[in-house]
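Q: Hey, can you walk me through this structure? I'm new to this, so keep it plain.

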Amino acid sequence: MFRAISLGFASLSDKGIMGILARVMLLTLLSFVFLGIGLWFSIDWLFHALGYADDGGLSAVAAIAVLLIGGLVLFRMIAIAITWVFSDDIIDIIEAKHYPFEAARGKRPSNWQSARMGMRSAMRALGYNLLALPFYLVLLITGIGAPLVFLGVNALLLGRDLEDMLVARHGHHMAAFGKGERLMLGLAGAAGMMVPLLQFVVPVVATASAVHMAHGKFRVTNK
């Protein structure tokens with residue numbers, strides 16, 4: 001796994017990967033800007049509906065507070081959903097450079113399949129994190145309990161997402177991870193997404209790492 005992650009970070013030296021990373025970062029930031037504006041108008045409308053006169057300042061503060069509180073969950077969901085859009089391009093670049101034989105045997109999913117899997121991933125992330133929300137709130141006073149639960153839930157989700165990206169192209173027999181590998185890769189990715197600035201890089205690096213993990217393991221197994 002450590003080899004796969006180191007190779008994933010090394011892929012950032014590729015111009016094609018860096019171009020995708022720039023687009024993922026830009027679209028993620030724009031998504032949060034539009035989400036913040038939407039929250040602002042929604043909260044402002046709610047204040048007026050309740051008869052509370054506000055010049056917009058309190059609405060803006062409330063929108064920022066909600067965005068910050070939900071930022072960890074929302075960031076993971078939005079960043080992975082956007083990465084799904086470019087995941088096949090990332091896999092194409094990594095496989096063409098390092099695994100041409102596997103690339104020739106794989107079949108790139110259609111845009112519709114990728115969009116459907118990306119939507120399913122986003123809904124799964126939202127659903128599981130909403131189910132875990134009571135635990136986040138109860139454990140918030142411990143200081144470390146809530147982040148640990150968040151890490152565990154999203155490690156499982158991210159590991160599954162990364163596996164799905166490759167299974168859709170190569171089939172379960174060639175691209176599936178073991179449970180331990182899936183958890184460890186997801187854990188590394190989920191932990192990275194909790195670190196400021198690094199969180200923008202992690203979705204792309206994790207996708208590249210998943211390619212190296214799947215194909216590297218397959219080659220070792222079949223030597």
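A: Sure, starting with a term: helices (H or I, at least four residues) and strands (E, at least two) are DSSP runs, numbered from the N terminus. Ile78, for example, lies in helix α4 (residues 71-98).

Q: And what kind of model am I looking at?
A: This is a predicted model, where local features need pLDDT of at least 70, side-chain atom pairs count only at pLDDT 80 or more, and totals for chains, interfaces and linings use all residues. Residues are numbered from 1 along each chain as its sequence is written, and side-chain values use heavy atoms, with hydrogens and water left out.

Q: How many helices and strands are there in the protein?
A: Ten helices and zero strands. Along the sequence the pattern reads α-α-α-α-α-α-α-α-α-α.

Q: Back to Ile78, is that buried or exposed?
A: Ile78 counts as buried because its relative accessibility is 14%. The cut-offs: buried means under 20% relative accessible area, exposed over 50%, and partly exposed in between (1.4 Å probe, protein chains only).

Q: What is Ile78 in contact with?
A: Skipping its neighbours within four places in sequence, Ile78 is in contact with Thr28, Ser31, Phe32 and Leu35. Contact here means heavy atoms within 4.5 Å. Phe32 is 46 residues from Ile78 in sequence, yet their C-alpha atoms are 8.6 Å apart in space.

Q: What about Phe75, which residues does that one touch?
A: Not counting residues up to four places away in sequence, Phe75 touches Thr28, Phe32, Met193, Gln199 and Phe200. Phe75 is also placed in α4, and it is buried because its relative accessible area is 6%. Between Phe75 and Phe32, 43 residues apart along the chain, the C-alpha separation is 8.2 Å.

Q: How much of the protein is buried?
A: Buried residues make up 43% of the 223 residues. As for contacts, take those with a separation of 6 or more: 76% of them are between residues 24 or more positions apart.

Q: New topic: α6. Why does its span agree with what you'd expect?
A: Helix α6 (residues 111-139) has 29 residues, so at 1.5 Å a residue it should span 42 Å, and its end C-alpha atoms are 40 Å apart, which agrees. The expected span is 1.5 Å times one less than the number of residues.

Q: Where's the kink in α6?
A: At Ala132, shortly before the proline Pro134, and the kink is about 45°. That bend is the angle between axes fitted to the seven residues ending there and the seven starting there.

Q: Which residues of α6 are buried?
A: Among them are Ser114, Met117, Gly118, Arg124, Asn129, Ala132 and Tyr136. Ala122, also in α6, counts as buried because its relative accessibility is 11%. Leaving aside neighbours within four places in sequence, Ala122 is in contact with Met77 and Ala81. Met77 is 45 residues from Ala122 in sequence, and 5.5 Å away in space, C-alpha to C-alpha.

Q: Cool. How do α7 and α9 pack?
A: Helix α7 (residues 145-170) and helix α9 (residues 179-192) pack at an angle of about 115°, with their axes 7 Å apart. Axes are lines fitted to C-alpha atoms, for helices over the stretch in contact, and angles run from 0 to 180 degrees between N-to-C directions. The residues making the contact include Leu151, Leu158 and Glu163 of α7 and Arg182, Leu187 and Ala191 of α9.

Q: Anything else on α7?
A: Its 26 residues should span 38 Å at 1.5 Å a residue, and the end C-alpha atoms of α7 are 38 Å apart, which agrees. Just after α7, Gly171 takes a positive phi of about 90°.

Q: Last one: where is Glu102?
A: Glu102 sits in helix α5 (residues 100-105). Glu102 is buried because its relative accessible area is 3%. From Glu102 to His215 there are 113 residues in sequence and 7.6 Å in space, C-alpha to C-alpha.
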